Structures are given as C-alpha cells and as structure tokens.
Amino acid sequence: MKVDPESPAVQGLTTFLAFVVLNLLYLMTCLPVVTIGVATSALYEVTFRYADEERGNLLRDYIAALRRNAAQATAVFAALGLPLAALLFAAEFWSALGGALSVAATIIAVLAAAYRLAALLYGLALVASYRNSLRQTLKNALLLPGAEPLWTLGILLVPVTCVALLVAMPGFVYLIATIGFSVGSYASAFLFRRVFRGYAGTVTGA
C-alpha cells in the first residue's frame, strides 16, 4: 500500500500533529511565567500567519518569533499584566467581604480586569502582527477594547470559555494540554484580523 503524502487525509493529520507539538512547545516556553508574554506573542504570530494561508513551518517559525518578539512582548506583558494581576487580587479581596459596597467593588474590579485582559491580548497580538514602538503598541492595546467592544467580547470568550470548561469538566485539561492553546490562538486570529483591518493606519503608527 502506498500513502500519498499530498492527500487531504495525510495533510490534515500532519497539520493536526503540528498543532499538538506547537501547543506543547508553547506550554514549555510559558513555564518560567515571565516568558508567558513572548510565548503568547510568538504563538499569535505563527497561527495568524497560518490563518492568512501563509502556512510556513509552525514550529520553526515559532522559535524565530520567540527571538524576534522577546523584548517588546515581555515589556507589554509587564506593563499590562501586572495591573491585571493587581485587579484580580482586588476582586478576590472584595469578594471575600460582605455587604453591598464589597459587591460593587468586586464588580468594578472584575470589569476593569476584563478590560485589562483584553488590552493585554491586543498588545501581544499587535507585537505579533506589526513592528511598532512600545509606546504606540501600548496605546493601541488600551484603546482597542473600548473602540471594538463586540469583537473584543469574542476575543475574551476564547480564554474565558477554556477556563469555564476546566472548572466544569476537569478532564478538559487534557484537551487544553494537547491542542487548546494553539487551536484557540488560531480561532482568535480571525477576530484580531477583523479588528486590525479597520485600524490599519492606527495600529501601524502611520
């Protein structure tokens, strides 16, 4: 029996395995925690390119993107991720207290955290997609969630849905560990691209 490497079935299996390996590689490069930003930016870059049918080699291109985006993605992660962590801590703190005031403070903290999370995701996606100054990237990342609330909601639903499924079904962790992040990034690519097309001059600093 002869297997045709160009057949749709073989190509589909090859792509699936590449996404599995990419997912595992992403998880490994996130382990130091401080590298989550650059790892996510690199994941966005290769999956965005794949969504644009520029294919390439997912794994080799991911390693190259890690090196290319290291400085700016890490800076974006620190600038937007640290305030996000503080807001999540504030939400947890206020939710542990009783009374109407604590409920109101918790809601405000959660909403602010959601906005900051969206800005962080936009920031890392911008680093993956455009060569721009850090200042302009942060400015765009903070403005885009407010400018495109509906598309931003869709972008946020990807990680939020994954977390919700993990809580509801602990076994879902195996799916997340194999293809969750790589496929989730690929799905997000179409949402980010839709937003970026409307602000081509702005996000590039033109």
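Helix α5 (helices being DSSP runs of H or I with at least four residues, numbered from the N terminus) has 14 residues, which at 1.5 Å a residue, taken over one less than the number of residues, should span 20 Å, and the 20 Å between its end C-alpha atoms agrees with this. The model is predicted, so that local features need pLDDT of at least 70 and side-chain atom pairs count only at pLDDT 80 or more, whereas totals for chains, interfaces and linings use all residues. Residues are numbered from 1 along each chain as its sequence is written, and side-chain values use heavy atoms, with hydrogens and water left out. Within α5, the buried residues (under 20% relative accessible area, 1.4 Å probe, protein chains only; exposed is over 50%, partly exposed in between) include Thr137, Leu138, Asn140, Ala141, Leu144 and Pro145.

The largest nonpolar core (buried Ala, Val, Leu, Ile, Met, Phe, Trp, Tyr and Cys residues joined through side-chain atoms within 4.5 Å) holds 45 residues, of which Tyr44, Tyr62, Tyr122, Phe192 and Phe196 touch the most other members. At least two residues of this core come from each of α1 (8–30), α2 (36–51), α3 (58–95), α4 (100–129), α5 (134–147), α6 (149–168) and α7 (173–197), and α4 gives the most, with 11 residues.

Phe16 lies in helix α1 and, at 43% relative accessibility, counts as partly exposed.

A search of the whole structure finds zero disulfides (pairs of cysteine sulfur atoms within 2.5 Å). For Cys30, the nearest cysteine sulfur is that of Cys162, 14 Å away; Cys30 is buried, with a relative accessible area of 13%, while Cys162 counts as partly exposed at 22% relative accessibility.
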